[in-house]
Amino acid sequence: MATSTRTTQRTTQEWQAADAAHFLHPFTDHQGLAKKGARIIERADNIYLWDSEGHKILDAMSGLWCVNVGYGQEALVQAATKQLRQLPFYNAFFQTATTPAIELAELLAEVSPPGFEHVFFAGSGSEGNDTVVRMVRRYWDILGQPNRQVIISRNNAYHGSTMAGASLGGMSGMHAQGGLPIPGIQHIEQPYWWDHGRTQGLTRSEFGLVAARWLEERILAIGAENVAAFIGEPVQGAGGVIIPPATYWPEIQRICDKYGVLVVADEVICGFGRTGAWWGSQTMGFRPDLMTFAKGVTSGYVPLGGVMVGERIARALVDQGGEFNHGYTYSGHPVACAVALANIGLIRELGLVERVKNDTGPYLAQRFAELAEHPLVGDAETCGLMGALLLVKNRATGAAFDEAVGIGMVCRGHCFGNGLIMRAVGDRMIIAPPLVITRAQIDEMMVLIRRCLDLTLADAHAHGWLK
Ligand SMILES: *Cc1c(COP(=O)(O)O)cnc(C)c1O
């Protein structure tokens with residue numbers, strides 16, 4: 001078959017058939033998808049996608065939480081092309097380095113909080129979290145406390161899909177496949193006020209302290225001398241944009257300091273401006289020892305991940321550690337690093353972090369507060385440019401829809417049908433639009449969201465789901 005015809009001259013049905021025949025998609029019921037046919041996305045610009053049928057779609061999820069600078073940014077394309085021509089690959093294993101990797105390490109230290117002077121590169125967020133597990137355990141070995149092995153995480157956390165990433169994560173469906181979690185990882189309950197605080201009659205700020213103290217209880221149960229680290233997303237993303245009360249993270253910090261436990265922030269979504277600061281830990285008011293990053297570091301144009309390493313750990317590794325027997329072929333990949341340099345440069349040039357903090361973030365919050373009046377919406381929350389709408393059967397009591405209805409999937413179906421990508425996590429409808437979104441585009445998004453909520457409400461009336 002002539003390769004020149006391959007990518008251009010097929011119908012949507014032909015693409016779908018080839019897709020179903022050969023491509024096993026991530027996190028997908030393959031048989032179910034084969035029956036329906038995948039939606040084929042062909043091109044994108046700014047915050048919009050176009051599918052193979054020519055439909056224009058507003059991408060309120062930034063791809064998969066990653067396209068922070070939006071699609072079609074020529075500076076990133078040029079950086080990749082130039083680097084591909086000059087040096088498409090060289091490794092950093094054998095006492096060598098490439099200039100983009102060095103420059104990116106330097107720039108990452110510059111945009112990180114004080115005390116982060118070193119970075120370990122990986123190819124993705126999952127790999128970054130694998131590195132975290134190796135590194136925190138290695139750290140305690142070097143310090144002569146090899147019993148400090150246990151890493152504490154939270155239910156409904158998402159930390160990736162490798163063996164270590166999925167183990168750190170708190171998704172029961174993932175643990176159920178493949179014999180997870182791996183040993184030495186424990187989970188406490190997530191700081192989700194709606195489920196665990198509201199029903200107990202606690203205010204959000206009271207609940208933040210209660211939820212943080214679940215960590216202290218667990219540390220005492222395990223014995224602090226056995227606990228290596230606590231890991232959390234500053235704001236849980238894939239779990240449904242769960243925004244913890246403002247009291248939560250400072251109390252977590254206090255507890256970890258008290259017992260000498262390392263704090264790891266998984267910044268894969270929150271990093272690079274999403275919350276209105278360079279890092280979500282800055283927005284949430286804590287000082288991690290390690291920060292995992294990926295997604296927004298390259299705006300998803302090419303894969304890259306890694307871990308920012310705080311001085312406490314860096315000093316041990318560098319000064320006392322000898323060889324750290326860990327790394328990836330693509331640690332510091334020159335093309336990925338060149339794209340990241342251009343991406344961070346563009347975030348700065350466009351002032352996107354400040355814009356989210358002072359302009360588009362507060363504006364989204366205001367528009368979401370209006371949506372909270374909709375009959376289907378029990379709770380509407382935002383943090384920077386992430387937001388969640390909780391769909392409920394009864395606003396007065398907060399009663400949930402019957403699970404069999406799958407109200408989130410019904411709403412998501414209407415979004416698909418109306419040119420909007422919004423994701424459903426259970427009954428939470430979530431968004432995380434590109435950071436380049438304007439106020440006018442937020443208005444445009446709100447019209448679409450409201451239309452989809454209205455259509456979902458009409459379904460609920462028609463099918464008697466509100467009874
Ligand atoms: C996406 C994500 C990961 C995993 O990143 P991959 O690049 O998919 O491996 C890890 N942590 C968080 C918080 C994420 O959102």
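These questions and answers explain the labels used for a predicted model.

User: What makes Gly125 a polar contact of the ligand?
Analyst: A polar contact needs a pair of N or O atoms within 3.5 Å. A backbone N or O atom of Gly125 lies 3.0 Å from an oxygen atom of the ligand. That value is within the cut-off, so the label fits.

User: Which distances do Ser126 and Lys295 show?
Analyst: An N or O atom in the side chain of Ser126 is 2.5 Å from an oxygen atom of the ligand. For the side chain of Lys295, the distance from an N or O atom to an oxygen atom of the ligand is 2.7 Å. Both values are within 3.5 Å, so both pairs are polar contacts. As for cover, the ligand taken alone exposes 380 Å², and the protein buries 83% of that.

User: Which residues are around the ligand?
Analyst: Among them are Ser124, Asn129, Tyr158, His159, Glu233 and Asp266. Val268 and Ile269 also belong to this group. Helix 7, residues 125-142, gives the largest share of the shell, three residues.

User: How do the residues of that shell divide into nonpolar, polar and charged?
Analyst: Three are nonpolar, six are polar and three are charged. Tyr158, for one, is around the ligand, and Tyr counts as nonpolar. Gly counts as polar, and Gly160 is one of the residues around the ligand.

User: Why is Phe89 called partly exposed?
Analyst: Its relative accessible area is 32%. Buried means under 20% and exposed means over 50%. The value for Phe89 falls in between, so partly exposed is the right label. Phe89 is found in the loop between helix 5 (74-86) and helix 6 (99-111).

User: What makes Phe89 fit for a surface patch?
Analyst: A patch residue needs over 30% relative accessible area and no salt bridge. Phe89 has 32%, so the area requirement is met. Phe89 joins Leu87, Tyr90, Phe93, Phe94 and Tyr330 in a nonpolar surface patch of about 630 Å².

User: How do you know that Asp289 and Arg312 form a salt bridge?
Analyst: The cut-off is 4 Å between a side-chain nitrogen of Lys or Arg and a carboxyl oxygen of Asp or Glu. The closest N and O atoms of Asp289 and Arg312 are 3.5 Å apart, so the pair qualifies. This pair links distant parts of the chain, 23 residues apart. Asp289 is in the loop between helix 13 (280-284) and strand 9 (290-293), and Arg312 is in helix 14 (residues 311-320).

User: Are those partners buried or partly exposed, and what makes them so?
Analyst: Asp289 has a relative accessible area of 12%, which is under 20%, so Asp289 is buried. Arg312 has 38%, between 20% and 50%, so Arg312 is partly exposed.

User: What makes Asp319 and Arg315 a salt bridge?
Analyst: Their side chains meet at 2.8 Å, N to O. This is within 4 Å, so the pair counts. Both residues lie in helix 14, four residues apart, about one turn of the helix.

User: Why are Glu381 and Arg428 called buried?
Analyst: Glu381 has 14% relative accessibility. Arg428 has 4%. Both values are under 20%, so both residues count as buried. These two form a salt bridge, with the closest N and O atoms 3.1 Å apart. The pair links strand 11 (residues 377-383) with strand 15 (residues 428-431), 47 residues apart.

User: How many salt bridges are there, and which residues are linked in a network?
Analyst: The structure holds 16 salt bridges. Arg213, Glu216, Glu251, Arg254 and Lys258 are linked in a network of them.

User: Why is Cys256 called buried?
Analyst: Cys256 has a relative accessible area of 1%. The limit is under 20%, so Cys256 is buried. Its place is in helix 12 (residues 248-259).

User: Is Phe27 buried or exposed, and what about Phe272?
Analyst: Phe27 has 61% relative accessibility, which is over 50%, so Phe27 is exposed. Phe272 has 1%, which is under 20%, so Phe272 is buried. Phi is near 45° for Phe27 and near 65° for Phe272. Phe27 is in the loop between helix 2 (12-22) and helix 3 (30-36). Phe272 lies in the loop between strand 8 (262-266) and helix 13.

Key:
Residues are numbered from 1 along each chain as its sequence is written. This is a predicted model: local features need pLDDT of at least 70, side-chain atom pairs count only at pLDDT 80 or more; totals for chains, interfaces and linings use all residues. Side-chain values use heavy atoms; hydrogens and water are left out. A residue is near a molecule or strand if one of its heavy atoms lies within 4 Å of it. A polar contact is a pair of N or O atoms within 3.5 Å; within protein, one must be able to donate a hydrogen and the other to accept it, and residues adjacent in sequence count only if both atoms are side-chain atoms. Accessible areas come from the Shrake-Rupley method with a 1.4 Å probe; for residues, only the protein chains shown count as cover. Helices (H or I, at least four residues) and strands (E, at least two) are DSSP runs, numbered from the N terminus. Patches are made of residues with over 30% relative accessible area and no salt bridge: like charges are joined within 9 Å, nonpolar side chains (Val, Leu, Ile, Met, Phe, Trp, Tyr) within 5 Å. Buried means under 20% relative accessible area, exposed over 50%, partly exposed in between (1.4 Å probe, protein chains only).
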